[in-house]
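Me: I would like a close look at a single part of this model, taken slowly and with the terms spelled out.

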Amino acid sequence: MGTKGIEILGGNVKEILALLEKAFADEWLAYYQYWLGAKVAKGPMREGVMAELIQHATDELRHAGMVGDRIIQLGGTPALSPKIWYDLTNCGYDAPEDPYVRSLLEQNIKGEQCAISVYKKMLDVTKDKDFVTYNMALQILQDEVEHEEDLQAIVEDIDMMVSREMKK
Ligand code: FE
Ligand code: FE
Ligand code: MG
């Protein structure tokens, strides 16, 4: 990173890098979980669910890029091998073993809730110390909050549809 960029850093760079490295693994795993989920999804509103999952996969990949760039700026190294993602991840990986749309959505909602906690913590640690990481974490948090809301809205629609069908 540039010298002035380092000079203004008030926070503990090691601590911030550790959080970024873990979040980087989370983003890649979230990306893959969405990407694969969109391929295998089956059930009511399949097309709509697939479109949403693909959109979220694209967002997670973009987040991985943002976090990776910041790791490099701070002098760190993003996970050089996918094998390390499992060691670093906060939120883990839920294999889409059950392709039913509602099961996929539940798995991804859990992942988003974890991601929200991850970026909340990153904001707490960098507040008034590392403005650049703070700003990045805030941008990502806004996306994760929207992701959770989008998925919960689809679950609500599916449940409404299914319960109406059952009353017929
Ligand atoms: Fe993300
Ligand atoms: Fe997300
Ligand atoms: Mg969305």
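How far apart are the iron ion (ligand 2) and the iron ion (ligand 1), and which residue coordinates both?

Reply: This is a predicted model, in which local features need pLDDT of at least 70 and side-chain atom pairs count only at pLDDT 80 or more, while totals for chains, interfaces and linings use all residues. Residues are numbered from 1 along each chain as its sequence is written, chains are lettered from A and ligands numbered from 1 in the order in which they are written, and side-chain values use heavy atoms, with hydrogens and water left out.

The two iron ions are 3.9 Å apart, and Glu60 coordinates both. Donors here are N, O and S atoms within 2.8 Å of the metal (3.2 Å for Na, K and Ca), and because water is not among the atoms, sites may look incomplete. For the iron ion (ligand 1), the protein donors are Glu27 through two OE atoms, Glu60 (OE), His63 (ND1) and Glu144 (OE), at 2.0 to 2.5 Å, and their spacing along the chain is E-x32-E-x2-H-x80-E. Within this set, Glu60 in helix 3 (residues 46–73) and Glu144 in helix 6 link parts of the chain 84 residues apart, helices being DSSP runs of H or I with at least four residues, numbered from the N terminus. Glu60 and Glu144 are both buried, that is, under 20% relative accessible area with a 1.4 Å probe and protein chains only.

The iron ion (ligand 2) has as protein donors Glu60 (OE), Glu112 through two OE atoms, Glu144 (OE) and His147 (ND1), lying 2.0 to 2.4 Å from it. Glu112 belongs to helix 5 (residues 101–126) and His147 to helix 6 (residues 131–167), so this pair ties together parts that are 35 residues apart in sequence. Glu112 counts as buried because its relative accessibility is 2%, and His147 likewise counts as buried, at 1%.

Notes
Helix = DSSP H or I, 4+ residues; strand = E, 2+ residues; numbered from the N terminus. Buried < 20%, exposed > 50% of the residue type's maximum accessible area, 1.4 Å probe, protein only.
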